[in-house]
Structure formats: C-alpha cells, structure tokens
Amino acid sequence: MFYDGLHQMARGRLGRALSSSGAIASLTLGLAAGGLAASQAVYADDYPDHAIEFIVPWSPGGGSDALMRIISNAAQETFGQPMPVINMPGVSGTIGLKELAQKDPDGYTVGQIHEGLMAANATGLTTLDWDDFQPIASLASSPQYLVVNADSDWKTFEEFAEYAKAHPGEIRVGATLGGIPHVHAAMIEDAIGAQFRYVGFEGTGARIRSLVGGHIDASIGDISSSLEFVKNDDLRFLAVGSKERLEQTPDVPTFKELGYDDLKLSINRGIVAPKGIDPAKVETLAKGFETLSRNPEFISRVNKAGAEVEFMGPQAYADYLADVDATIKRLSGKLAR
C-alpha cells in the first residue's frame, strides 16, 4: 500500500480523525427555544443541581459539534440544568479529551468521543484510549458509505471488489490518513482481500469534492457529505455500513446483506465522563439520554443532521468501544503503511 499526495508527517502519528461536514451546524440553532419535550429522568439525589460542562474536542461547525449541540440544547428540559458546549479542538480531538481526563469526576464535566480516539491511540497520536474514561451513552450514529464517481464502471460493490482484487494498488481511495475513514477503507480492503492506493485529505468535504472531480476513484462518505452529489448523478453509493438499509437510500445495500457481516461502518458519537464518577450519576445521565433518544423531535433533528439515533447505555457502549478498539489495533499495520 502506498500514498499519493501525502504531506510530511511525524513518524507514528498519522492523520487526523474525521470531522464531518460543517454544513449541518445551523440545524442546531434555536432547539432550546423550540421547547424540545423530554421526560425528566429519576435523578441520583439532587444531581444535577447546576450546569454540566460538555467538552466537544472539535471546532465549532463540524459534524461532532453540530450533533452535540442538538443534545446540549435539549439538556435543560432533559436534566433540569444546562449543558453548555465547550469547544476544545486540536490534535485530532485529543487536546479536549486530555483536559476531560484530568477533570474532577464529580459529574459536572462530560465530553464527546467517537472512534477517532481509538485510531489516534493506535497510530501513536495519543496515549489516551476509550477505557481512560467512563462511558455514559452513545446517541448519534452516522452510517458510512463506500462512494465512487458516477462515471466509473462500478455499478455494484461486487464489481468494485472484483476489480480491486484483480488490480492491487490501482484504485485511488481518499481518506483522512490515520483517521476513521482510513480505518473503514482498511476494513473493506481486509474483507475483500484487496490493496488500495490511499490519497490523504484533511476532511470529508475535501475528499468528496476530489471524488466528484475525478481525482480519486473511491472514498468513504456519509449522507451529509455525499447524498446531494448522488442525487445529482455525480457520485454513486455502492454499499452502506449500517445494520439495515436506510430510509434516505433504500436502493443501497448494506455490507451485511452482501455477505460481509463484519463491515459495520459508522461514526458513533458518544458521551463519556472522567474515570471515578459516582455510578449513580452515570445511571442518572444514561437514563436521561435514553429518554431523549426516544423523543420524536430529537430524532427528527438528528436525522436532518445526516445521522441516526442509536442509543447505547454505559455497558453496551463500553462493549462497542472495546470491539472497535480491537478492530483498529488489528488493522494498525495497514494504517501505518
């Protein structure tokens, strides 16, 4: 495997974790004023009795920031206290998470993570990993697609896979090197027994524009970054990494139905707390987020932001993170090449 268009990177520190399109940020505005209804959770004693700071380790306007602001804006009615977003971007999301790890585990600071943390750990960008935090809940899942230019000869994933196996190193795949898009492409590569040529990009928008322009052959994309290009016949979705076909793309098969059960490709944005938080407070937060996850207005706003609501509680989310971590570490050799 080799790379085109790579800038010089420090050895062992590859890429930056994925930050989705900033175009969805405006969808979060005015949510609190709109009165998103949610039932009160059963609190641990009088917790919370003041604001809970919410560290989002990405810049304002990105996918993580926009989705987390939907949650933040609903917190007042969900928990009876505000949950203001504190943006702490830098070093693929690891600056804010380092700050979170050092906070008092009193339940009044939480933060957002996604699979990019495990990728950053596996490639040496940070010593932090998911188990340095207490998982609270995962709420928003953004299923990822394999996307190709609509002018390509590949009409189906099977055709793509057959060509890739027969022509190792020929297909140019855009990715955020060392980030989750790179991991997802490596998972596809591993599943079909192929070898891609990777082209590095800083973010989703840049690589999707390059794909539209014909400068690369394939990429990992999502609804928010790619659907309009698909509707305009500029791009084509070949398969999606969700459990079932999505309402927005009913004609696009899942990898699972194509016979690739292990190709579960999504960005799951979840909430964690510093290690040592009172289990009763973990339960209070988790119950509140679970209640929120069933609210029709909340679901609608997340869907409009190009994501799905998929709730996982503390144990289920911890199990998911452990499984993703194991997969990323298994593929870390591919990410470093």
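**Exercise 1. List the buried residues of helix H8 and compare the helix span with its expected value.**

Step 1: Take the burial rule, in which buried is under 20% relative accessible area, exposed is over 50% and partly exposed is in between, with a 1.4 Å probe and protein chains only. In H8, it picks out Lys281, Val282, Thr284, Leu285, Ala286, Gly288, Phe289, Thr291, Leu292 and Ser293.

Step 2: Helices are DSSP runs of H or I with at least four residues, strands are E runs of at least two, and both are numbered from the N terminus. H8 covers residues 279-293, 15 residues in total.

Step 3: The expected span is 1.5 Å times one less than the number of residues. H8 reaches 21 Å from first to last C-alpha, close to the expected 21 Å.

Step 4: Look at the start of H8, where a side-chain oxygen of Asp278 comes within 2.9 Å of the backbone nitrogen of Ala280.

**Exercise 2. Decide how far the model can be trusted along the chain.**

Step 1: This is a predicted model, in which local features need pLDDT of at least 70 and side-chain atom pairs count only at pLDDT 80 or more, while totals for chains, interfaces and linings use all residues. Residues are numbered from 1 along each chain as its sequence is written, and side-chain values use heavy atoms, leaving out hydrogens and water.

Step 2: pLDDT is the predictor's confidence in each residue, from 0 to 100. The chain averages 86, and 86% of the residues score at least 70.

Step 3: Over residues 1-43 the pLDDT is below 50. Where pLDDT is low, the predicted coordinates should not be read in detail.

**Exercise 3. Describe the aromatic pair of Tyr145 and Phe237.**

Step 1: Rings of Phe, Tyr and Trp (its six-membered ring) pair if their centres lie within 6.5 Å; planes under 30 degrees apart are stacked, over 60 edge-to-face and the rest tilted. The rule gives 10 aromatic pairs.

Step 2: Tyr145 and Phe237 are stacked, with 4.0 Å between centres and 25° between planes.

Step 3: Tyr145 lies in strand S6 (residues 145-149) and Phe237 in strand S10, so their pair ties together parts 92 residues apart in sequence. Both Tyr145 and Phe237 are buried.

**Exercise 4. Find the unusual backbone geometry at Pro48 and Asp233.**

Step 1: Most residues other than glycine have a negative phi, and most peptide bonds are trans.

Step 2: Tyr47 and Pro48 are joined by a cis peptide bond, with omega about -5°.

Step 3: Asp233 has a positive phi, near 65°. Asp233 sits in the loop between helix H7 (223-231) and strand S10 (235-240), and at 60% relative accessibility Asp233 is exposed.

How values were computed:
Contact = heavy atoms within 4.5 Å. Polar contact = N/O pair within 3.5 Å; in protein donor to acceptor, adjacent residues only side chain to side chain.
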